[in-house]
Amino acid sequence: MAIDSRLTATLVCPICKGAIVWDAEKSVLVCPRCRLAFEVKDDIPNMIPEEAKTLTESEALVYKEKLSVVRGA
């Protein structure tokens, strides 16, 4: 499943309004700051915080590093 990069560039976390990372392998959009993974089914992201999966601190750190590479920070 491929999500348009323009969509991922405009989406933000519904809680903190921070940047999110697309993980195509797991089909999730991740907010490293909130440590939440939002599932994507049939190319539609489910951005409801109560339905998101909570990540461990180490998982969130991996995504934070990916976000730094993508955003050039």
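## Strands, turns and two cysteine pairs

Strand 3 and strand 5 (residues 53-54) pair in the antiparallel sense over two bridges, where pairing asks for at least two DSSP bridges between the strands. One of the partnerships here sets Ala37 in strand 3 against Lys53 in strand 5. The model is a predicted one, so local features are given only at pLDDT of at least 70 and side-chain atom pairs only at pLDDT 80 or more, while totals for chains, interfaces and linings use all residues. Residues are numbered from 1 along each chain as its sequence is written, and side-chain values use heavy atoms, with hydrogens and water left out.

Now for the whole chain. The protein chain has two helices and five strands; these are DSSP runs numbered from the N terminus, with helices being H or I of at least four residues and strands E of at least two. Walk along from the N terminus and you meet them in the order α-β-β-β-β-β-α. Helix 1 covers residues 5-10, and strand 1 covers 21-23.

Strand 3 turns up again and again in the pairing. Strand 2 (residues 28-31) pairs with strand 3 (residues 36-41), antiparallel, over four bridges. If you want to find that pairing in the structure, look for Val28, which stands opposite Glu39 in strand 3. These two strands make a hairpin with four residues between them. Arg35 belongs to the loop between strand 2 and strand 3, and the phi of Arg35 is positive, near 60°, even though this residue is not a glycine.

Strand 3 also pairs with strand 4 (residues 44-45), again in the antiparallel sense, and this time over two bridges. Here Val40 has Pro45 of strand 4 as its bridge partner. Strand 3 and strand 4 form a hairpin too, with two residues between them. In that turn, Asp42 takes a positive phi of about 50°.

Val40 has another link worth a look. The side chain of Ser27 reaches the backbone oxygen of Val40 at 2.9 Å. Ser27 itself is found in the loop between strand 1 and strand 2. It isn't a glycine, yet its phi is positive, at about 55°.

Back towards the N terminus, Ile20 lies in the loop between helix 1 and strand 1. Ile20 and Thr10 are ten residues apart along the chain, and 9.3 Å separates their C-alpha atoms.

What about the cysteines: how many disulfides does a search of the whole structure find? The answer is zero. A disulfide here is a pair of cysteine sulfur atoms within 2.5 Å. The sulfur of Cys13 has the sulfur of Cys31 as its closest cysteine sulfur, but the two are 3.6 Å apart, so they are too far for a bond. Likewise, Cys34 finds its closest cysteine sulfur in Cys16 at 3.7 Å, which is also too far for a bond.

How covered are some of these residues? Buried means under 20% relative accessible area, exposed means over 50%, and partly exposed is in between (1.4 Å probe, protein chains only).

| Residue | Relative accessible area | Class |
|---|---|---|
| Cys13 | 0% | buried |
| Ile20 | 6% | buried |
| Ser27 | 15% | buried |
| Cys34 | 24% | partly exposed |
| Arg35 | 32% | partly exposed |

So Ser27, in its loop, is buried because its relative accessible area is 15%, whereas Arg35 is partly exposed at 32%. The cysteines in the table split too: Cys13 is buried at 0%, while Cys34 is partly exposed at 24%.

Zooming out, 33% of the 73 residues of the protein chain count as buried. The C-alpha atoms fill a box of roughly 30 × 25 × 25 Å along the principal axes. The radius of gyration is 11 Å, which agrees with the value near 11 Å for a compact globule of 73 residues. That radius is taken over C-alpha atoms, and the globule rule is 2.2 Å times the number of residues to the power 0.38.

Finally, look at contacts, meaning heavy atoms within 4.5 Å. Among those in the protein chain with a separation of 6 or more, 33% are between residues 24 or more positions apart.

Technical notes:
Polar contact = N/O pair within 3.5 Å; in protein donor to acceptor, adjacent residues only side chain to side chain.
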